[in-house]
Amino acid sequence: MSDLSHHAEISFFGTFICSAFAACFAEICTIPLDTAKVRLQLQKRAALGDDVGASKYKGLLGTVATIAKEEGLLALWKGIIPGLHRQFIYGGLRISLYEPVKAFCAGGILLADISLFQKILAALITGAIAISLANPTDLVKVRLQAEGKLPPGAPRRYTGALNAYYTILQEEGLLALWTGLGPNIARNAIINAAELASYDQVKQTILSIPGFTDGMFTHLLAGLGAGFFAVLIGSPVDVVKSRMMGDSIYKSTVDCMVKTLRVEVKKLFI
């Protein structure tokens, strides 16, 4: 039995490749919704003096429909190339690093007995490492997705993903590729922790219920629970991350948060 378990183990490289390609496939399927999300986040940018009147985009599906109508269906896949770059690096590393880092955090404890805190800590670390390496791809993806919010006839800054990397590097410098790194680390570390730790914990809880086995249905339930917690917890920092990457009007993460809160709270009383 032990020999079977040994041969069934997947190497770090194998886990990385499987995770990276799975993340890329998910990106291809979900990027229209992600593009709509970024447009919604950026249309309410918290710049002083911005018009807070009628919004162009209303709701997720309304935004998808507006983009498709005004810019064409393919506009929903803007940013897909850097998106795939991001998912290959981030998606591959955050999953493949999780088990080794979790084992490190556990010390001499059996992985079956590891605490929820140790799972969260391991996921925070892997999320932070992965997105630190993938930040340039995330920046380019958001910049390309934001292009569509420019006024009709306005010149586009980038002709494609490679041109965006080159232009940012040439005009803004190497460090500009890591713009928004602070909120991006916070966002992805938090989401990664919420996803992986809650997935681990939810699956463990489900398996303790009589009748449940470690099969596809259990993994599906655990994944749904993990996705829900991740979005719920990570949404505020995701807004800050998108606004800092999409617009250069903010001095810092704190400045972005303060202006966002000030404008959004003000709109509640208008």
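**View 1. The largest nonpolar core of this predicted model.** Here's a cluster of 15 residues. Leu-139, Val-140, Leu-144, Tyr-158, Ile-168 and Leu-177 have the most contacts inside it. Which elements give two or more residues to this core? They're helix H2 (12-43), helix H6 (116-146) and helix H7 (161-172). H6 chips in the most, with 5 residues.

**View 2. Zooming in on Val-140 and its contacts.** Forget the neighbours within four places in sequence for a moment. What is Val-140 in contact with once those are left aside? The list runs Pro-82, Ala-161, Ala-164, Tyr-165 and Ile-168. Ile-168 turns up in View 1 too, among the core residues with the most contacts.

**View 3. Another core, apart from the largest one.** This one has 14 residues. Tyr-90, Val-101, Cys-105 and Ala-130 are among them.

**View 4. Helices H8 and H9 packed together.** H8 covers residues 181-207 and H9 covers residues 216-246. Their axes sit 8 Å apart, at an angle of about 170°. Because angles over 145 degrees count as roughly antiparallel, that's what H8 is to H9. And what's in the contact between them? The residues there split into 19 nonpolar, 6 polar and 5 charged.

**View 5. The stretch at residues 216-235.** UniProt lists these residues as "transmembrane region", in an unreviewed entry. In the model, the chain over 216-235 is 100% helix and 0% strand. From one end C-alpha atom to the other, the stretch spans 28 Å. For orientation, helix H9 from View 4 takes in residues 216-246.

Technical notes. Residues numbered from 1 in each chain as written. Predicted model: local features only at pLDDT ≥ 70, side-chain atom pairs only at ≥ 80, totals over all residues. Heavy atoms only, no water. UniProt positions renumbered as here; feature names shortened; annotations may be inferred. Axes fitted to C-alpha atoms, helices over the stretch in contact; angles between N-to-C directions. Parallel < 35°, antiparallel > 145°, perpendicular 65-115°, else oblique. Nonpolar A, V, L, I, M, F, W, Y, C, P; charged D, E, K, R; others polar. Core = buried A, V, L, I, M, F, W, Y, C linked by side-chain atoms within 4.5 Å. Buried < 20%, exposed > 50% of the residue type's maximum accessible area, 1.4 Å probe, protein only. Contact = heavy atoms within 4.5 Å.
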